[in-house]
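I opened this model to look up how its strands, helices and aromatic rings are arranged. My notes follow in the order in which I checked things.

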Amino acid sequence: MDELNEIVEVEQQVETLETEVKKFADGLPYWAKYLAEKILSGNAISDNDIDTSYSFLLEELKLKEETEKPEIEINYNSANALNYKPDLLLTKLEDVEGVNALTENQTIDFSSNLTIVYGANGSGKSGYARLLKKVFYSKAPEDILQNVHLESGHKPVNAKFTFKSNNTDIPLLYSQKDNAEFEQFAVFDGKGLFKQLAEKNEFEFRPAGLSFFAEYTNAVIRVEQKLNSDIATKNSGNTADDLSALFDGESEIKTIVQNLNAQTNIDDLKKNTPFSDEDKAEKEKIQKQYDELLLASKGKEKELKNLEAIKKQLGENKTSIETLNKYFEGNYLTKIKDAITDCITKAAAAKAEGIENFKTDKIEGIGTEEWKNFIIAAEAFAKKQKSENEVYPENGDNCILCQQSLSEDAEKLITNYWQFIKSVAEENAKKAQEALEKVKQALEKLNFDLFPDDNTLTVWLTEKYPSELQALQQKLSEQKKLAQNIISDIQNKTANERTEIKISVGQHTTIETAIDVSIKLLKEDEQSKALENMLKAKTLLEHKEKFNTHFSKFETYVNHQAWINKAGKANFAKRKITDTEKTLSDKYFNQKYIDVFNDECQKLNGNFGIDINHTGSAGKSYRQLRLKGRNPNAVLSEGEQKVIAIADFLAEMQLSEVNRGIIFDDPVTSLDDRRKSEIAKRLVNETAQKQVIIFTHDLVFVSSLINHCKEANISNDCHWIENVGGSQPGKIWLKNTPSFEKDYKTSGKAQGYYEEAKKIGPELREDKIKNGFAALRTSYETQVVFGLFKGVVQRFEERVSVDSLKSVFFTTELRDELLDSFYQCCRYMEGHSHSDKYAYKKPEIENLNEEIQRFNAVKKKISELKETK
């Protein structure tokens with residue numbers, strides 16, 4: 001017996017994460033246990049599973065008839081929960097569209113070990129980072145921005161991601177980012193540093209047993225959402241406001257409808273039914289009495305409408321007079337007089353400047369308007385005799401009127417005519433005349449007939465305010481006469497002094513006030529009170545009739561409210577889920593994370609005494625890093641914070657059972673060279689466990705990464721991202737690093753593009769030609785580094801090769817020839833700045849061949865100079 005008790009005791013002591021998760025699931029209500037069993041069996045929760053669970057929940061809430069249900073047995077095997085690919089790789093990103101202003105039709109290939117994408121600030125790295133943070137796990141996801149330089153025509157976000165597993169490509173589009181493959185990669189972004197160090201952070205990757213709680217919480221939320229959706233549906237059918245809106249006016253019955261709720265007794269509602277024949281007869285009787293009394297009041301209603309219409313017309317008339325007054329104010333009249341004087345002065349100047357040269361006894365009227373108009377018309381007619389680029393007259397031309405040959409003097413005279421009408425003085429005179437013409441046209445369009453005989457307002461004023469009307473009409477007549485006199489002054493070029501004439505609108509205000517008094521008296525009538533009382537009695541009977549017509553709606557509403565009241569008692573116990581998950585995380589996971597985090601800090605030389613606090617919410621675990629009880633970002637430098645954040649990120653990824661790749665966006669900003677090297681070494685070592693991708697603008701960091709790869713004999717790819725010409729960010733140059741620079745020491749790359757361009761059609765040829773010029777540009781840059789300067793300073797190397805200075809030698813003539821050849825090449829490249837000498841020229845295939853030969857000649861001279869030195 002004692003031996004049996006010992007066996008039982010040992011079994012009770014053997015407690016694992018799996019057994020405790022099973023114990024939790026066994027204690028759930030039936031509807032929730034149904035979901036837990038599905039998850040722990042390794043099955044994804046389908047919509048059908050949610051529907052079934054929801055049906056069980058309705059039975060529990062007494063909202064559905066209870067049914068017989070089978071027993072649920074929890075058989076948990078953690079291996080069932082793993083549904084990820086252990087050999088997954090990200091191999092390619094291409095066809096990116098609608099992301100910031102990134103250049104389209106670019107491709108980034110990813111190495112299975114380390115991939116570096118180098119580019120200066122503004123080159124387009126942030127656009128790619130936003131895209132990756134949107135599809136992969138990130139603590140600081142950002143919205144993808146559209147191209148701010150485009151007002152319209154924005155494309156939707158799209159991209160093609162190619163993964164590989166079991167030697168099989170898995171192409172997925174941006175729209176498929178919910179697929180499991182995207183869950184196996186994570187992005188570290190320096191922009192999320194504050195969130196990572198100052199806030200709680202979720203453990204995204206945890207053991208399957210702990211992941212159960214997040215999946216289970218999500219399933220519970222879906223059931224809860226389904227219940228909330230049904231609640232919303234029952235609320236949306238007819239709200240209390242909708243039902244009360246069925247009744248126009250107010251009554252006791254409408255008040256009953258407004259107060260309907262879950263506790264309303266249906267039998268009490270039925271007390272207001274039916275709508276009897278007696279009710280119908282009484283309603284008809286009151287309706288007749290009401291109509292008769294309303295008809296008797298119609299005369300006053302008509303008078304009210306008439307007065308309101310007159311008031312509106314009077315306001316419009318007032319506005320029209322105020323507009324007319326602006327044309328006859330003293331200041332405006334003075335401006336017109338000054339404009340006439342200006343026109344006279346400028347016309348005289350034009351006449352004096354040129355007319356004396358044309359006076360002759362043979363022609364009368366030189367300098368008159370008719371003379372000027374004749375010359376202007378003659379010039380216009382002469383232009384029609386010649387083509388666009390020819391002038392009239394030229395030697396050998398005939399007169400356009402008499403057809404006789406023109407002498408040299410005649411040609412000169414006609415040319416002088418043309419010059420005269422285009423002179424500055426003549427042009428000034430013309431502009432002054434045009435300004436006066438605009439004033440004249442405005443005055444001619446003015447309407448002074450504001451009180452026509454058949455106008456309603458005129459008729460009413462004639463009867464009610466005859467003297468005021470006559471005064472207004474007299475003033476309008478005076479303004480009209482003044483307008484005619486000003487028009488005459490403009491036509492005759494006479495600068496007369498004119499007296500201001502303004503019409504007062506004070507009479508309008510007086511009449512409007514009187515109309516308001518009349519309207520008020522009409523509305524304050526005893527007859528209205530009798531109509532009001534009769535309307536209340538009529539409304540009550542109408543409401544009773546409608547209440548009976550729509551009674552089923554009120555009954556349905558009350559029943560729905562009672563259903564919603566019961567549904568509100570549902571208990572989803574999400575707090576219990578979180579507490580259980582936190583307890584098990586503390587017991588089975590958190591210490592392991594602390595150990596790995598501390599190990600990462602040591603590897604990165606970042607032992608700053610960080611403590612880690614753990615909390616839980618919604619079935620998920622969270623951690624917060626602390627230093628002496630304070631946030632690290634309040635104590636540590638920015639560089640030290642970056643080291644801690646990287647250690648935290650790497651620790652979580654190490655413990656992940658699913659993560660297969662980590663991506664870094666500028667991870668070493670604000671760090672010194674020693675820190676950069678330490679982080680570079682750590683990330684290179686991490687490639688032995690998973691794929692690593694790094695976006696950076698730091699050349700020292702790039703160099704350090706490449707050198708550590710060489711030391712560890714680890715292959716890597718390094719691509720260059722560039723903003724071409726400052727307006728085309730995201731241009732990718734694949735495999736552009738020192739390890740590939742040997743390909744650009746000759747014109748071989750450009751020659752290859754040239755050969756390809758010769759073999760393809762025009763629609764594809766231009767792209768090959770552009771790539772050829774880009775390759776040639778890189779060859780020139782490589783020639784500067786290795787040809788002229790013999791590798792003394794290299795783009796990706798930290799060290800300067802001082803010893804190589806002994807072999808550096810070149811002449812200014814060779815330098816200038818290389819510069820000229822380089823600029824000649826660049827003029828065929830869009831987006832590059834061009835001087836006038838090297839203006840952009842659209843490249844043709846023969847241009848590429850010419851520039852290749854030019855480069856080869858320069859390279860040969862550099863080599864020969866080295867040999868003869």
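I began with β3, where five of the five residues are buried, so β3 is largely enclosed by the rest of the structure; buried here means under 20% relative accessible area, with exposed over 50% and partly exposed in between (1.4 Å probe, protein chains only). I then checked its two faces and found both covered, with Leu114, Ile116 and Tyr118 buried on one side and Thr115 and Val117 buried on the other. Strands are DSSP runs of E of at least two residues and helices are runs of H or I of at least four, numbered from the N terminus.

I should record the basis of these values: the model is predicted, local features need pLDDT of at least 70, side-chain atom pairs count only at pLDDT 80 or more, and totals for chains, interfaces and linings use all residues. Residues are numbered from 1 along each chain as its sequence is written, and side-chain values use heavy atoms, with hydrogens and water left out.

Next I looked up the partners of β3, taking two strands as paired if DSSP finds at least two bridges between them. β3 pairs in the parallel sense with β12 over five bridges, and Ile116 has Ile694 as its bridge partner there. Five bridges also join β3 to β13, again running parallel, with Ile116 opposite Cys718.

I followed the pairing outward and found an open sheet of seven strands in the order β4-β7-β11-β12-β3-β13-β14, with mixed pairing. β4 (137-138) and β14 (728-733) stand at the edges with a single partner strand each, so one side of each is left without a neighbour in the sheet. At the β4 edge, I noted a parallel pairing with β7 (residues 185-189) over two bridges, in which Tyr137 has Ala186 as its bridge partner. Helix α5 (residues 125-135) packs on the sheet and touches strands including β3, β4 and β12, its direction making about 140° with that of β12; contact means heavy atoms within 4.5 Å, and the angles run from 0 to 180 degrees between N-to-C directions, with axes fitted to C-alpha atoms, for helices over the stretch in contact. Helix α24 (residues 638-655) also packs on the sheet, touching β4, β7 and β11, at about 175° to β7.

I turned to α25 (residues 673-686), whose buried residues include Ile679, Ala680, Leu683 and Val684, and whose cover includes β3, α24, β11 and β12. At the start of α25, a side-chain oxygen of Asp672 reaches to within 3.2 Å of the backbone nitrogen of Arg674.

Last, I went through the aromatic pairs, of which the structure holds 27; rings of Phe, Tyr and Trp (its six-membered ring) pair if their centres lie within 6.5 Å, with planes under 30 degrees apart counted as stacked, over 60 as edge-to-face and the rest as tilted. The rings of Phe136 and Phe182 have centres 5.8 Å apart and planes at 35°, so this pair is tilted. Phe136 lies in the loop between α5 and β4 and Phe182 in the loop between β6 (168-173) and β7, so the pair ties together parts that are 46 residues apart in sequence. Phe136 is buried at a relative accessible area of 5%, and Phe182 is buried at 1%. I also noted that ring pairs link Phe136, Phe161, Phe163, Phe182 and Phe185 into a cluster.

How values were computed
A polar contact is a pair of N or O atoms within 3.5 Å; within protein, one must be able to donate a hydrogen and the other to accept it, and residues adjacent in sequence count only if both atoms are side-chain atoms.
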